[in-house]
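Hi there,

Here is the structure I promised to pass along. Have a look at it first, and then read on for what I found.

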Amino acid sequence: MLPRTFRLAGLFLVLLSAGCTKREEFTVPVRVQFEVGIKPSGELADPGYFHFNWVHVLIGRIEFDGKREEGGDIYFQTDPHLEGPYLEFDTKPVTITSLDLPQGVYNPMLWDIYLKKIEISGLTGMNLPNTGMIIYGGYEYTDGTAIDVFVCINDTELLSFRSYNPEYESEIVLSADRTYHVILLFDLYNAFLPVSRESVEMAEKSTGINGEPVIIISSNNNKNLYDHLLYRIARFSEACVF
């Protein structure tokens with residue numbers, strides 16, 4: 001029979017080894033692609049009288065805050081001194097960045113996106129110097145004619161999102177055996193749905209790059225519409241993990 005002290009030392013080593021293995025399990029990196037796009041209108045029976053062509057945005061910084069059931073919480077931010085991606089996207093999502101997150105069960109998984117100033121005069125015909133994101137679409141009148149609409153979001157606005165799994169639950173499981181896609185979808189059709197025809201047709205008009213009338217919605221132009229839509233864009237946008 002082994003001496004008692006040796007048996008106890010052997011047991012301690014087994015337990016220590018198991019503990020190290022458990023801790024290491026929660027440090028295994030998982031590849032995550034962070035993407036962004038416009039949610040299609042196909043789920044709506046009536047998409048309303050707006051349509052959306054594209055979104056331009058310049059990302060300044062991304063912050064991630066994930067609470068894990070085991071292994072410790074995860075927080076990081078991208079380097080704010082690095083030039084973020086200048087993106088144009090529509091209903092086909094584009095990749096903002098790829099990153100590695102430790103595997104585990106997250107609940108919640110939160111994202112903050114900070115914007116940077118972009119030059120927009122070549123897009124709208126106006127110089128709005130504090131714009132970090134532009135939503136370009138159109139409004140259709142009852143007679144079938146249309147007018148371009150530009151929603152210019154200030155670069156000081158913070159875009160905050162919570163991630164959900166395909167069952168629309170906030171518990172996210174990341175396992176190291178696969179790559180995940182976090183797709184941030186701007187649900188613009190739902191965001192604009194309650195905007196009345198009267199409020200659009202009574203909105204102040206501006207002059208576009210070709211001399212045509214356009215509607216600019218910003219903190220300086222049609223501010224009531226801007227404040228209302230900014231809230232709804234944030235409310236109806238979501239980051240789904242697949």
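Strand S14 (residues 238–241) is covered on both of its faces. Glu 238 and Cys 240 are buried on one side, while Ala 239 and Val 241 are buried on the other. That fits the usual pattern, because side chains in a regular strand alternate between the two faces of the sheet. Please keep in mind that this is a predicted model.

Which strands pair with S14? Strand S9 (residues 158–164) does so in the parallel sense, over 2 bridges, and strand S11 (residues 180–186) does so in the antiparallel sense, over 4 bridges. If you want residues to click on, Tyr 164 stands opposite Cys 240 in S14, and Val 182 stands opposite Val 241 in S14.

Now to the charged side chains. The structure holds 7 salt bridges, and here are some that I looked into.

Asp 100 and Arg 31 form one of them, with 3.2 Å from N to O. Asp 100 belongs to strand S5 (residues 94–102) and Arg 31 to strand S1 (residues 29–38), so this pair ties together parts that are 69 residues apart in sequence. Asp 100 is partly exposed, at 43% relative accessibility, and Arg 31 is also partly exposed, at 36%.

Lys 223 and Asp 227 make another salt bridge, in which the closest N and O atoms are 2.8 Å apart. Here both partners sit in helix H5 (residues 223–235), and because they are 4 residues apart, about one helical turn separates them. Lys 223 counts as partly exposed at 43% relative accessibility, and Asp 227 counts as partly exposed at 37%.

There is a network as well: Asp 65, Lys 67 and Asp 73 are joined by salt bridges that share partners. Within it, the closest N and O atoms of Lys 67 and Asp 73 are 4.0 Å apart. Are these two buried, exposed or in between? Lys 67 has 35% relative accessibility and Asp 73 has 47%, so both count as partly exposed, the class between under 20% for buried and over 50% for exposed.

If you open the model, I would begin with S14 and its partners S9 and S11, and then turn to the pair Asp 100 and Arg 31.

Happy to talk it through whenever suits you.

Best wishes

Terms used. Residues numbered from 1 in each chain as written. Predicted model: local features only at pLDDT ≥ 70, side-chain atom pairs only at ≥ 80, totals over all residues. Heavy atoms only, no water. Buried < 20%, exposed > 50% of the residue type's maximum accessible area, 1.4 Å probe, protein only. Pairing = 2+ DSSP bridges.
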